[in-house]
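Here are some exercises to work through with the model open in your viewer. Try each task yourself before you read the solution.

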Amino acid sequence: MNDDDLNRELQRLPIKYLHQLAKGRISRHFRLGKRRLIECMLGLPQEHKMALATSLANLSLPTRESVVNSPTPPPPSPGESPSPFYSKPTARTSHHTQGPSSPPIQLPELLEGIGVPSPMPFVPDEWQREAVEALAHADVIVSVPTGSGKTFVAIEAIKQAMAANQTVIYTSPLKALSNTKYMEFSHRFGPDLVGILTGDRRDNIHAPLLIMTTEILRNVLYDAASGEIDLRLHTLGLVILDESQYLADPERGVVWEETLILCPSQTRLLLLSASIGNPQELAEWLTSIRETPCRLIRHTKRSVPLRGLYLHPTGQLVPLFEARDIQQKKGYRFHPETKRLFNEYEVKPFR
Amino acid sequence: MPPAIHPIDLVDILRRHHLTPAIVFLTSRRGCDEAIDAFINTSASVSASHSEAIRTFLDQFAKDFPSIANHPLIPVVQDYGVAAHHAGHLPSWKMAIEELMRQGLLDAVFATTTLAAGVDFPARTVVISQSSVRKSQDFCDLTVSEIQQLAGRGGRRGKDFVGFVVVTPSPFIDLDILGKGLTGQPESIDSQFVISYPMVLNLLRAHSVDQIEGLLAKSFAQFQLNQRVTVHQERLDDLHEQLQPYGPRECADWVAQWKVFDLARRRKAHRRPIVTNDSPYLTACLPFLTPGRLIGLAKGPAIILRQYRSRGTGTPMLSVLHGKGTVGECQAQRVVHVYDHVYDFHPTRTVPWCLPSTLHQFKQALAQLPAHPPTVPIFEASPEADDPLLSEVLTEEFSCPSCPSYTACKKDFSLASRLRLKEQQVTKTIQALRDGLWHRFQQKADVLHKFGYITAGFQLTADGEWARMIRINHSLLITELIRMDAFSGIAPEMLAGVMASIAHDDDRPSSYMRLTSGLSSMLGKVRQVADSLRAYEPPPLLRSDVAALAEQWIGQPQLNWASLVRSTSMAEGDVYRLLARTLEFLSQIHTLKGTHPGLADTAHLAMGNMRREVLAELP
């Protein structure tokens with residue numbers, strides 16, 4: 001067996017077997033990755049390499065043929081197991097579910113329905129319409145799961161306010177987010193209509209839509225209170241505070257509070273927040289300190305269902321929970337297969 | 001079995017199950033970088049057309065953001081369709097990765113958990129491999145909200161029918177935290193209202209003191225405190241009701257009552273006294289038997305060098321200098337006279353318990369002693385518990401013998417007194433909750449008054465007028481430095497260096513760059529000022545290496561970004577953030593152009609020099 005053959009053979013092996021082979025031959029082999037391990041093995045003296053080849057041949061590989069993959073395996077259909085080596089968990093799961101107790105979900109069932117929906121005209125959800133409509137006569141707090149489409153509410157609200165010839169301020173907690181939103185909104189509304197304020201730069205500050213971090217807005221409000229201001233605050237119709245859960249940030253939360261307290265009373269507030277535990281309390285507070293009432297829009301249902309999977313370091317993929325979709329506030333039961341594998345992992349993670 | 005799944009295997013499995021694009025959350029930046037490095041020279045590459053699409057996109061992106069044109073990670077990204085995303089990268093590079101992800105051109109992004117809060121890009125799958133996250137120095141469990149933020153990135157609206165969370169174990173993972181986090185109710189948020197110096201100045205500028213009290217009362221902090229007040233108020237009402245039957249009784253003996261209660265309170269407040277066998281006379285003596293005291297022993301006069309208790313029996317002992325000039329030990333009860341004279345004494349820790357020169361002086365003093373020096377009168381303390389009035393109180397009995405309501409009170413005294421005590425406590429708590437914010441405001445205002453930023457009548461002084469423009473952390477330090485003219489005639493690069501070291505509050509280690517002597521003496525001065533302000537404002541880290549970095553960037557306009565980053569071990573993104581923050585601090589100083597034109601100009605010059613290459617790309 002020459003070097004190239006040996007190299008190819010070794011490349012095909014899972015790293016577990018490489019470590020087995022390296023034991024006693026390479027010092028501190030457990031610190032090495034696959035590439036480095038193979039390099040070291042090929043660097044061994046010739047007679048050692050011969051021994052290595054022999055033990056490689058003797059290595060009991062129950063699924064040896066399955067390891068031999070073509071460089072790019074054809075993508076299997078989701079239901080089908082891709083190779084015998086990886087098919088184990090599926091087989092076991094199905095075996096398990098034949099038991100009499102309430103059947104936990106199986107992997108194929110869980111992986112069902114992956115795909116891209118055909119492009120449809122965007123239909124806003126009920127809560128999104130509700131939020132935009134509520135803004136006409138109230139401040140609004142939106143507390144919905146991440147990725148439900150809070151930005152849509154913001155955009156509709158901005159359109160509404162712009163149509164009424166009002167100034168809109170959009171704040172985010174981080175400069176990075178401000179920049180992303182600036183690009184997004186410039187693209188959507190046109191660069192003339194969007195301005196950005198940062199600590200040291202002011203671009204297009206007479207635009208109807210201004211983007212800034214919350215700290216900057218706080219400073220603007222400070223200056224406005226003491227009467228030295230170059231922004232059109234009297235036409236300020238809407239302030240959007242993105243990621244309002246930052247209110248609870250130990251260092252910066254106070255800025256959000258100050259902003260909300262100092263905001264002019266004719267201005268509408270739109271607070272966009274990820275799911276938090278007590279949005280009701282926040283809404284009560286805003287109602288108590290402002291002239292307009294505050295409307296809370298909240299729900300916990302995700303627009304795209306979420307499912308859990310457990311991936312064992314050996315490559316076995318099993319469902320994480322017994323139920324298919326992850327649901328809030330319903331409690332959870334881990335899938336028996338997940339429990340088994342994880343116990344195995346916890347007991348001897350380094351075998 | 002390796003401790004955690006190898007990134008290549010992970011991506012391979014995700015690809016085979018059509019679970020890409022995915023975001024893989026890892027604990028550390030280093031973990032992310034190593035995961036990406038693992039792909040180099042493997043067969044996990046993407047197809048040529050895919051690779052081409054990424055390349056076209058990145059080329060396009062580089063037109064707007066030239067800093068990523070020659071990014072070292074470009075080959076990995078385009079060949080393998082994977083990328084790392086963490087705070088160590090430049091913002092422009094991160095934006096490129098985010099945009100690639102939005103367009104679906106990447107299969108996996110390895111990210112630190114900071115991404116969850118920072119930016120907004122979704123994927124089909126989220127991979128979580130840990131249940132804790134590093135916060136400052138410690139590892140903390142992920143909270144439910146954090147886990148939901150992470151998991152929330154899974155499943156793109158309009159692009160996916162379903163999203164996935166893949167949990168893959170790594171050492172120290174706790175599966176139950178993740179289970180709870182994925183299905184549980186997120187935590188409530190609490191107000192984190194803190195009152196800062198700039199806040200006080202700015203509020204005082206625009207509002208009267210009464211208005212400010214009203215504004216503070218409008219805070220969410222006060223709102224939440226008020227909710228706690230209502231709970232306490234209910235308890236208080238309850239107590240009042242319980243106290244009703246004991247009613248307001250006329251108590252004629254209030255002076256005696258007050259005295260006795262006060263005495264009892266003081267007695268009870270003490271811990272149990274240490275039990276000693278000392279006689280009352282000795283106990284009364286001991287406070288006088290201090291080092292340097294002149295005493296009379298049976299043998300003659302002596303001077304005490306130290307007082308201690310013997311290890312075995314615990315009897316009080318003295319080391320003394322005898323009249324004949326020898327140092328010895330004796331029991332404290334052997335002291336015959338305590339004279340009314342104490343010599344100056346500096347105790348040392350070893351024999352002879354004082355300096356040899358002192359010993360010499362003492363010997364001379366002892367030789368020239370008058371025959372009968374005046375003594376200190378010692379009075380034995382009469383034990384207070386013998387007071388019949390008090391002994392009754394101490395046994396929880398009711399006590400105002402001369403009171404007309406004595407018999408009525410005596411029956412229910414113990415219960416009523418407990419209730420009254422509770423009532424007092426609750427009333428105090430309610431007071432504290434109601435006025436806490438206002439008190440903290442006043443504390444800060446007092447400090448500002450002490451430093452002369454506001455007058456006693458809560459009006460801004462001339463200094464206060466400009467100091468309120470500095471609205472950043474460590475504002476008191478910066479304004480004090482400006483007031484003491486520490487920055488007069490300073491070079492722009494030096495100002496930037498100082499600001500950088502004040503601004504940087506990260507203690508990630510980095511290389512120590514060489515400081516110019518001017519900057520190092522300047523930093524020394526700043527450190528002194530910061531230490532003197534320690535009682536009023538926590539001092540900044542004042543790291544000299546970051547100061548040197550900022551100084552180099554501003555002082556050498558021909559220095560390019562790549563060589564700046566090469567000169568330090570800080571990650572590119574950290575250097576960027578440092579400079580961006582310095583820029584912010586400088587721009588605050590620039591707002592002082594009305595009152596400090598020279599300094600503002602210097603700041604402006606520094607800002608101009610700073611804004612080049614990468615720092616000029618983003619607003």
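## Exercise 1: a sheet in chain B

Seven bridges join strand 9 (residues 300-309) of chain B to strand 10 (residues 316-322) of chain B, and these two strands run antiparallel. Keep in mind throughout that this is a predicted model.

**Task.** Work out in what order the five strands of the open sheet in chain B are arranged, and which strands stand at the edges.

**Solution.**
- Begin inside strand 9: I303(B) has L321(B), in strand 10 of chain B, as its bridge partner.
- Extending this to the open sheet gives the order 11-10-9-8-12 in chain B, with antiparallel pairing.
- Strand 11 (327-331) and strand 12 (337-342) of chain B each have a single partner strand, so they stand at the edges and one side of each lacks a neighbour in the sheet.
- Ignoring direction, neighbouring strands of this sheet are turned by 40 degrees against each other on average.
- Finally, add the helix: helix 14 (residues 356-367) of chain B lies across strand 8 (293-297), strand 9, strand 10 and strand 11 of chain B, at about 140 degrees to strand 9.

## Exercise 2: the largest nonpolar core

**Task.** Find which residues touch the most other members of the largest nonpolar core, and say whether T582(B) is buried or exposed.

**Solution.**
- The core has 202 residues, and F110(B), F487(B) and W561(B) touch the most other members.
- Helix 23 (residues 572-590) of chain B gives the largest share of this core, nine residues.
- Leaving out residues up to four places away in sequence, W561(B) touches L90(B), W553(B), E572(B), V575(B), Y576(B), L579(B), E613(B), V614(B) and L615(B).
- Now turn to T582(B), which is placed in helix 23 of chain B.
- T582(B) has a relative accessible area of 0%, so it counts as buried, the cut-off being under 20%.
- With the same sequence neighbours left out, T582(B) touches A496(B), M499(B), A500(B) and M610(B).

## Exercise 3: where the chains meet

**Task.** Describe the contact of chain B and chain A: how many residues does each chain give, and how many salt bridges cross the interface?

**Solution.**
- Count the residues: chain B gives 89 and chain A gives 101.
- Next comes the area: the two chains bury about 8,500 Å² between them, 60% of it on carbon and sulfur atoms.
- For charged pairs, two salt bridges are found across the interface.
- R471(B) forms a salt bridge with D223(A), and their closest N and O atoms are 2.6 Å apart.

Notes: Residues are numbered from 1 along each chain as its sequence is written. Chains are lettered from A and ligands numbered from 1 in the order in which they are written. This is a predicted model: local features need pLDDT of at least 70, side-chain atom pairs count only at pLDDT 80 or more; totals for chains, interfaces and linings use all residues. Side-chain values use heavy atoms; hydrogens and water are left out. Two strands pair if DSSP finds at least two bridges between them. Helices (H or I, at least four residues) and strands (E, at least two) are DSSP runs, numbered from the N terminus. Axes are lines fitted to C-alpha atoms, for helices over the stretch in contact, and angles run from 0 to 180 degrees between N-to-C directions. Contact means heavy atoms within 4.5 Å. A nonpolar core is a set of buried Ala, Val, Leu, Ile, Met, Phe, Trp, Tyr and Cys residues joined through side-chain atoms within 4.5 Å. Buried means under 20% relative accessible area, exposed over 50%, partly exposed in between (1.4 Å probe, protein chains only). Buried area is the accessible area (1.4 Å probe) that two parts lose on being put together, summed over both. A salt bridge is a side-chain nitrogen of Lys or Arg within 4 Å of a carboxyl oxygen of Asp or Glu.
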